[in-house]
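Hi everyone, thanks for coming along. I have a structure to walk you through today, so please have it open in front of you.

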Amino acid sequence: MNTAAEGLGVEAVHVWRGDRHVLKGLSLEIDPREALHISGRNGSGKTTLLKVACGLLRPEQGRVTWRGRPISEVRSDYQHALAYASHEPALKGDLTALENLRFMVGLKRRSSAAELASCLERTGVASCADLPVRVLSAGQRRRVAMARVLGMRAPLWLLDEPFTNLDAGGSEIFAALIAEHVSGGGMAVVVAHHELVLPTAARRLELPG
Amino acid sequence: MWTWFYRLASPPFVYRTAGALMPWFLAAAAATIGYGTIAGLAFAPPDYQQGDAFRIIYVHAPSAWLSLFAYTTLAVAGAIGLIWRIKMGHAVAAATAPIGASFTLSALVTGSLWGRPMWGTYWAWDPRLTSELILLFLYVGVMSLRSAFEDPGRGDRAAALLAIVGVVNVPIIHYSVVWWNSLHQGATVAKIGKPEMPGSMLWPLLAMFLGFMCFYGAVLCMRLRGEVLNRERQAAWVREAMRS
Amino acid sequence: MGGYARFVWPCFAFVFGVLAWNLWAAGRYQAEARKRALRSLAMMGEGQ
Amino acid sequence: MSAGAAILLIVGRELRLSFRRPDQLLQPLVFFLIVTTLFPLGLNLQLSLLKDMAPGVLWTAALLSSLLSLESLFKGDADDGTLEQLALSGQSLTVIVIAKTAAHWLLSGAALVLASPLVAIALGIPSAAFGTMLASLVLGTMTLSWLGSIGAALTVGLKRGNVLLSLIVLPLAMPLLIFGAGATDRAISGTSPAGALYFLGSLCIFTCTLAPFAAAAALRITLD
C-alpha cells in the first residue's frame with residue numbers, strides 16, 4: 001500500500017447512501033504537479049467522492065490520507081492545505097464579494113484587502129468587489145467562489161463542477177488558473193461533465209454507475 | 001477478550017440470539033406476571049391506609065421503572081452505536097424506544113388513576129408524574145427525530161445524540177420538578193412511595209418487576225430482529241435467515 | 001376487593017392492554033421487516 | 001488563526017449579516033410582546049391578580065420567542081453552502097458552534113432581556129423585582145441558546161425542522177422555566193430568590209460547557 005507520500009490518497013473507500021452503494025472500494029492518488037479530472041453520469045458519486053476526500057463525509061470503510069497520514073490525525077493541517085469549491089458557490093448573499101472573501105480566507109490565513117482584490121481581478125469580477133453577492137449573476141458568483149480558492153493559497157484544490165454557469169471566457173480563465181496552479185507545484189481534483197481543456201496532461205477517472 | 005464484544009456487533013449473531021432468547025423471556029414473563037397479578041390482587045392484604053387502591057402499585061411501579069430503564073438502554077445503545085460505529089447499537093436503540101414510550105404511558109395512566117382516590121383529582125402535578133410526562137416528551141422527541149431523516153443511518157446517529165443529551169437531563173428535570181412541587185404544595189403530598197411491606201405484599205411486587213423486565217426482553221428481541229433486518233437487507237446472511 | 005376496585009381493575013386492564021399492544025406491534029414490525037427483506041432479496045436476485 | 005480570533009471574526013460576520021437584515025432581528029422581539037399580551041387578554045384578570053401570573057407569563061413568552069429565532073442559527077449557512085466551508089475552515093466545529101451561538105444570543109437573547117422591563121411593567125411586576133428578573137432572563141436565555149444549538153444542529157437538514165426543534169428543545173428547557181419563573185416569583189413576593197438564581201447559574205455553566213461539543217457532533221452527523 002504505497003500511500004501517496006506527498007499528496008492526497010483515497011484508499012478503498014466504501015460509502016452507502018441509504019440502500020445505494022454509491023462508492024464501491026474506490027481508490028485514487030494525487031501527487032504535486034498533477035491534475036485529476038473526474039467525470040461520470042449523474043448520481044455516480046462524484047460529489048460524494050469529493051466530500052469524502054475533503055473529510056466532510058466519513059466513509060463506512062477505507063480511509064483518506066494526506067501526505068501519508070490519515071486525515072483524522074492531521075485534520076487541521078489538512079484543512080489548511082485544501083480549498084474546496086462545492087456545487088453551490090457558498091457565498092453570503094447579503095455580504096459584498098470582498099467581505100465574503102475577507103471572511104472565508106481570513107479564517108485560514110492573514111490576507112490584505114489588496115491581495116483579495118487582485119484575486120477577484122484574476123477571475124474577472126474586480127468590478128463587483130463592493131456589490132452584495134445576491135445581485136450578481138450565477139456566473140459572476142462562480143468567479144467570486146474561484147477567487148476565494150485563489151485567495152486561500154492552498155496546495156490542494158477540490159473543485160466540484162467549477163465550470164457550471166460560466167461563459168467561454170470564464171472557462172478559459174479557470175482552465176488557465178488550474179494549469180498555473182498545478183504547474184506551480186499544486187494539486188487539483190476537478191469534477192466536470194464536459195471535456196476539460198487543460199494545458200497540462202490531466203489524468204482521467206471515469207466513475208462507474 | 002474482545003471477541004464476545006465483536007460477536008455482539010455481528011448482525012447474524014444478534015438476529016439468531018434474539019430469536020433464540022425471545023421464547024424464554026416470554027415464558028418467564030408470563031409465569032412471573034401471572035403469579036404477581038394473582039398474588040397481588042387476591043392474596044396480598046389491603047393497605048391499612050389506602051385499602052385496595054394500593055394494589056395499583058403492582059402495575060404502576062414496574063411500568064415507571066421500565067420507562068426509565070428503557071430510556072437508559074436507549075441512550076447507552078445509541079452511545080455504543082455512535083462512538084464505536086456499531087450498527088447493532090442503533091438497532092437496539094431503535095427497538096427500545098417504542099417499548100419504553102408505551103411503558104411511560106402506562107405509568108402515567110396508572111399513576112393518575114391511583115391519584116384519584118388519594119388526591120381527589122386525576123392530575124395534581126405530583127412531581128413523579130410530571131417527570132414521567134416530560135420523559136414521554138423526550139421519548140417522542142427521539143423517535144420523531146429518528147424517523148425525520150431519509151437516510152436511516154443519519155437518523156440513527158442523530159437520535160442517539162439526542163438520547164445521550166436527554167439522559168443527562170433526566171435527573172436535572174426530575175430534581176427541578178421536585179423543587180418546583182415542594183415550592184407550591186409543600187412536602188405534605190401523600191407520596192406514592194412504597195409503604196413498608198410485609199412479605200405477602202412484597203413478593204408479588206418483586207415478581208411483577210421481574211416479569212415486566214422479562215416481558216421487555218421478549219418484546220425487545222422481537223423488535224430487534226425487525227430492526228436488524230431493516231438495516232441488513234442487502235447482506236448475504238439475510239438470504240439464509242429468510243429461508244429458515 | 002374494597003371500595004376502590006373502581007380504580008384497580010381499569011389500571012390492570014390498561015396495563016395488560018399496553019402489554020398486548022407491545023407484543024402485537026413487535027410481531028407486526030418483525031413480519032413487515034421480513035417481507036421487506038424478502039422483497040429486496042428477490043429484487044437483488046434478478047439484479048445479478 | 002487562533003480559536004479566539006476565529007470566534008471574533010465569525011461573531012463579527014454574524015452581527016454584520018444581521019444588521020443588513022434588521023427585520024429578522026425585530027421579529028422575535030415583536031413575537032415576545034405579542035405573546036405576553038395574549039395572556040392578560042385571555043385571562044382578563046385585574047392587574048393585582050395578574051402579578052402572580054406575571055413571572056410565568058413573561059418567562060414562557062421569552063422561551064417561545066427564543067425558540068423561534070433558534071431555527072435560523074445554522075439553517076441560513078446550511079442552505080447556501082457556507083456551513084460546509086466553515087467546517088473546512090481549519091477551525092474545529094466546536095469553535096464555530098461557540099461563535100455562532102454566542103452571536104445568536106447577542107442578537108436574540110440580549111435583545112429579549114432589554115425588552116423585558118417593558119413587558120414586566122405591562123404585567124404589573126413591581127420594579128423591586130426587576131433586578132432578579134433581568135438576572136434570571138440573562139442566565140435563562142443564554143442557557144437556552146446553548147441548549148437550542150444542539151436542537152438546531154440536529155434539525156438543520158430537515159425541511160420542516162422548526163416544529164421538531166421545539167419538540168426536542170422544550171422538554172430540556174423545562175428546568176429553566178421552573179427556576180427562571182421561580183426566581184422572579186420569589187423576588188416579587190419578597191423572599192430571597194438566591195436559591196433559584198444559583199441553580200439557574202449552575203444550569204447555565206453546565207450547558208455552555210457541554211453543549212458546544214454535542215452541537216458540533218450533531219453538525220458532523222447532519223453535515224455529511
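I'll go from the nonpolar core to one helix pair, and then to the contacts between chains.

Please keep in mind that this is a predicted model.

Let's begin inside. The largest nonpolar core holds 225 residues. Which of them touch the most other members? They are Ala53(A) and Leu158(A), then Ile56(B), Leu161(B) and Leu162(B), and finally Ala173(D) and Ala218(D). As for the helices, H4 of chain B, residues 87–119, gives the most to this core, with 16 residues.

Try clicking on Leu162(B). If we leave aside its neighbours within four places in sequence, Leu162(B) is in contact with Gly141(B), Val142(B) and Leu145(B), and also with Leu154(D) and Ile168(D).

Now back to that helix, H4(B), and a partner in chain B. How do we talk about a pair like this? Two packed helices are described by the angle between their axes and by the distance between the axes. H4(B) packs against helix H7 of chain B, residues 199–231, at an angle of about 130°, and the axes are 8 Å apart. An angle of about 130° falls outside the ranges for roughly parallel, perpendicular or antiparallel, so H4(B) is oblique to H7(B). The crossing of H4(B) past H7(B) is right-handed.

Which residues make the contact? From H4(B) we have Lys87(B), Ala91(B), Val92(B), Ala94(B), Ala95(B), Thr96(B) and Ile99(B). H7(B) brings Tyr216(B), Val219(B), Leu220(B), Arg223(B), Leu224(B), Glu227(B), Val228(B) and Arg231(B). Sorted by class, this contact has ten nonpolar residues, one polar and four charged.

Next, let's look between chains, beginning with D and A. Here 19 residues of chain D meet 22 residues of chain A. On the chain D side, the elements giving two or more residues are helix H1 (3–20) and helix H5 (82–87). H1(D) gives the most to that side, with five residues. What is the mix of classes on the side of chain D that touches chain A? The residues there are seven nonpolar, six polar and six charged.

Last stop, chain C. Chain C has 48 residues, and 25% of them count as buried. Chain C contains one helix and zero strands. In its contact with chain B, 30 residues of chain C touch 34 residues of chain B. The chain C side of that contact has 22 nonpolar, six polar and two charged residues.

That's my tour, thanks for listening!

Key: Residues are numbered from 1 along each chain as its sequence is written. Chains are lettered from A and ligands numbered from 1 in the order in which they are written. This is a predicted model: local features need pLDDT of at least 70, side-chain atom pairs count only at pLDDT 80 or more; totals for chains, interfaces and linings use all residues. A nonpolar core is a set of buried Ala, Val, Leu, Ile, Met, Phe, Trp, Tyr and Cys residues joined through C-beta atoms within 7 Å. A residue is buried if 20 or more other C-beta atoms lie within 10 Å of its own, exposed if 12 or fewer, and partly exposed in between; C-beta atoms are placed from the backbone. Helices (H or I, at least four residues) and strands (E, at least two) are DSSP runs, numbered from the N terminus. Two residues are in contact if their C-beta atoms, placed from the backbone, lie within 7 Å. Axes are lines fitted to C-alpha atoms, for helices over the stretch in contact, and angles run from 0 to 180 degrees between N-to-C directions. Angles under 35 degrees count as roughly parallel, over 145 as roughly antiparallel, 65 to 115 as roughly perpendicular and the rest as oblique. A crossing is left-handed if the near helix is turned anticlockwise from the far one by less than a right angle, and right-handed if clockwise. Ala, Val, Leu, Ile, Met, Phe, Trp, Tyr, Cys and Pro count as nonpolar, Asp, Glu, Lys and Arg as charged, and the others, Gly among them, as polar.
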